[in-house]
Amino acid sequence: MLAAFCAVAEELNFARAAERLCMSQPPLSRRIRQLEDLVGTALFVRTTRSVRLTPAGALMYEHARRLTGDLGYMLNSVRELARGEGGALSIGITPSAACSSLVEVLHAFRHAHPNIALDLREMDSVLLSEELRYGRVDIALMRPVAAHESVEMTVVHNEPLVFITRRENAYAGSRVTLGQVLRHPLVGYDKTYSPYLHGLLEQLLAGAASGARIVQTSRLPSILTLVEAGVGAAIVPQSMMHVRSDTLHFHAIEPATGPMAQIVVARPARGRHPAALALMGALLARRQEADRDGQPMA
C-alpha cells in the first residue's frame, strides 16, 4: 500500500503510477482510498486535470519514502544473507592457522563477497571449540582438538613439522635427523593450551632412542620468541616458516614419514549460516585442489 502511495505521490498521475506498478488504474485508486480511510484524511487533491498532495499527503510521503527505502534495504539484506552473499560472519582462527596459506582463501573469499563483513577472532583451538559450541563464532580454522559433539570438523590443511633454531645455531644443510634434533634442549607445547601439538610432538619423539629434553613449555607464537631468546630449539608446523625468518632457521626433519600437522574447518553441527557454508566450500575446494596436485598444503 505504501509503495502504491509513493508511486502516485511521485508521478502525480494515476495512469502513469499504475503503469509503473504494472497494474491497472482502478485497483490502484482503491488502494489509495483504503489508505486515506486508514489515516482518516485525504492525501491527494484530485481534479479532472491534475493530482496534487494535500499537506497531510506531503507529510505522509516524507515518512513513507523513508519507510519504503528501509524496507527495500532490509529485504535486500535478508536475501543476500540467505544466499550467503551478505551479512556478518564471525571467523575464529588459531594463531598457527593465521600463519598458513589458508589466509589466502580468506582473502579470495572477501574479494568474492564484498558485502559480507568478516569478523576475525584469534584464539587458541581449545577456546575456539567452546566458542563454536555456544554459537559465539560461526566457523573456525583451528587445530583438531577434542570438542563437543555439537562441533563438526573437516581437515582442510596438512603440513609437516619442522625443526627451528636461531640462525647462528643452524645446521649447514636444510635437513636434520631426529637424532640431531634431540641433541638440543627443546621448547615444548603447553598441554592445557596446545593439546593437539603437544600430542603430535610426543608422537614424533616416541620412536627416538633417547628422550627429549623439554626445558620449557609454551604455545605458538610464543615458542618462536623463546627460541629467539636462546631458551632452546623447537619443533613447529611448517607454516611457521613464514614468521621471523630473519632470526630463525627452519630445517626439514628426516625421515619425512613423521606425523603431519592438520588444520580443520570447524562449525556447529546444526549451523546453517549461509556465508559460513560458502566459506567452508571455498576451503574444501582448495583442499581438493591440493590433493589433485599431490602437494602438502603449507
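**Reading a predicted fold**

Me: Cys-22 is exposed in this model, at a relative accessible area of 73%. What else should I look for at Cys-22?

Reply: Keep in mind that the model is predicted. Now check the backbone: most residues other than glycine have a negative phi. Cys-22 isn't a glycine, yet its phi is positive, about 60 degrees. You'll find Cys-22 in the loop between H2 and helix H3 (25–39).

Me: Okay, and what about Leu-12: which sign does its phi have?

Reply: Positive again, about 50 degrees, and Leu-12 isn't a glycine either. Leu-12 sits in the loop between helix H1 (2–11) and helix H2 (14–20). Its relative accessible area is 35%, so we call it partly exposed, a label for values between 20% and 50%.

Me: Which peptide bonds are cis here?

Reply: As a rule, most peptide bonds are trans. Here, the bond from Leu-220 to Pro-221 is cis, with omega near 5 degrees. Pro-221 is in the loop between strand S9 (213–218) and helix H10 (222–228). The bond from Glu-254 to Pro-255 is cis too, with omega near 0 degrees. Look for Pro-255 in the loop between strands S11 (248–254) and S12 (260–268).

Me: How many residues does the largest nonpolar core have?

Reply: In soluble globular proteins, nonpolar side chains tend to be buried together. The largest core here has 43 residues, and Phe-163 is among those with the most contacts inside it. Helix H9 (residues 195–205) supplies the largest share, 6 residues. Apart from this core lies another, of 19 residues, including Val-105 and Met-280.

Me: What does Phe-163 touch?

Reply: Its partners farther than four places away in sequence include Tyr-171, Leu-186, Ile-235 and Phe-250.

Technical notes: Residues numbered from 1 in each chain as written. Predicted model: local features only at pLDDT ≥ 70, side-chain atom pairs only at ≥ 80, totals over all residues. Heavy atoms only, no water. Core = buried A, V, L, I, M, F, W, Y, C linked by side-chain atoms within 4.5 Å. Buried < 20%, exposed > 50% of the residue type's maximum accessible area, 1.4 Å probe, protein only. Helix = DSSP H or I, 4+ residues; strand = E, 2+ residues; numbered from the N terminus. Contact = heavy atoms within 4.5 Å.
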